[in-house]
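Q: I have a new structure open. Can you walk me through it?

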Amino acid sequence: MRHPDRVTAIVSQNGNAYEDGLSDAWDPIRRYWAEPTTKNREVVRDALLTFEGTRWQYTHGVADPEMIAPESYTLDAALLERPGNKDIQLDLFLDYASNLTLYPVFQKYFSDAKPPLLAIWGKHDPFFIPAGAEAFRRDNPNAVVEFLDTGHFALETHFEEIASEIGRLMDRASKRTQTIVQ
């Protein structure tokens, strides 16, 4: 944000910068932010940091869950089981509240710099809902918003479409850069 001239383009793949984009699935995490008690920490741990919770994050909202390679969520779940990793994840969930305080700063950057931006999201993401992707357009007329028929980990099922959209974004960004240079 300090050097907008160094930014060619931005890709948001189910990455949020607007409170509009936070679904009700964040409610237990919001309670944890408000009251970082052991009880609230355990609620988040039990909901998300189990094998089933990890699998659900990969498969929820996917038209055909069999398309998700089981090694993706199995490996994630195995890595979570390493000593201390769940506590690290819980600390990161707690710290995510600091991102919300930066949302207005991000939004001002989008509005002032208007970088080419692609928000390409799974429309069935249980965490970051379509309103968050649509919100990019409020601040940046250069934002292109695309929704895919999938969940949070859209790359697991739609990598070719996402790669193609990124290619188109970079083509637009390249033309924009050439226009500015001329």
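**Salt bridges, pocket and overall fold**

Q: Let's start with Arg30. Buried, exposed or partly exposed?
A: Arg30 is partly exposed, at 29% relative accessible area. Buried means under 20%, exposed means over 50%, and partly exposed is in between (1.4 Å probe, protein chains only).

Q: Before we go on, where does the model come from?
A: It is a predicted model: local features need pLDDT of at least 70, side-chain atom pairs count only at pLDDT 80 or more, and totals for chains, interfaces and linings use all residues. Residues are numbered from 1 along each chain as its sequence is written, and side-chain values use heavy atoms, with hydrogens and water left out.

Q: OK. What does Arg30 form a salt bridge with?
A: With Glu19. Their closest N and O atoms are 3.9 Å apart. A salt bridge here is a side-chain nitrogen of Lys or Arg within 4 Å of a carboxyl oxygen of Asp or Glu.

Q: Where do the two residues sit?
A: Arg30 is in helix H1 (residues 27-34), and Glu19 is in the loop between E1 and H1. So the pair ties together parts that are 11 residues apart in sequence. Helices (H or I, at least four residues) and strands (E, at least two) are DSSP runs, numbered from the N terminus.

Q: And Glu19, buried, exposed or partly exposed?
A: Glu19 is partly exposed, with 45% relative accessibility.

Q: How many salt bridges are there in the whole structure?
A: The search finds 10.

Q: Give me one inside a helix.
A: Take Glu42 and Arg45. Their side chains meet in a salt bridge at 3.1 Å, N to O. Both residues lie in helix H2 (residues 38-48). They are three residues apart, about one turn of the helix.

Q: How open to the outside are those two?
A: Glu42 is partly exposed, at 28%. Arg45 is buried, at 18%.

Q: Which residues share a salt bridge network with Arg45?
A: Arg41, Glu42, Asp87 and Asp91 are linked with Arg45 in that network.

Q: Got another pair within one helix?
A: Yes, Asp112 and Lys108. Their closest N and O atoms are 2.5 Å apart. Both sit in helix H6 (residues 97-113), four residues apart, about one turn. Asp112 is exposed at 54%, and Lys108 is exposed at 51%.

Q: New topic. What lines the largest pocket?
A: There are 19 lining residues. Leu49, Gln57, Gln89, Phe93 and Phe153 lie nearest the centre. A pocket is an open set of points on a 1 Å grid over the protein atoms alone, where a 1.4 Å probe fits, with protein on both sides within 12 Å along at least five of seven lines; lining residues have an atom within 4 Å of a point.

Q: Which elements give two or more residues to that lining?
A: Helices H3 (51-59), H4 (70-80) and H5 (85-95). H5 gives the most, with four residues.

Q: How does the lining divide by residue type?
A: It has 13 nonpolar residues, five polar and one charged. Nonpolar covers Ala, Val, Leu, Ile, Met, Phe, Trp, Tyr, Cys and Pro; charged covers Asp, Glu, Lys and Arg; the others, Gly among them, are polar.

Q: Now zoom out. How many helices and strands does the chain have?
A: Eight helices and three strands. From the N terminus, the order is β-α-α-α-α-α-α-β-α-β-α.

Q: What box do the C-alpha atoms fill?
A: Roughly 60 × 35 × 25 Å, taken along the principal axes.

Q: Last one. What share of the chain counts as buried?
A: Of its 182 residues, 38%.
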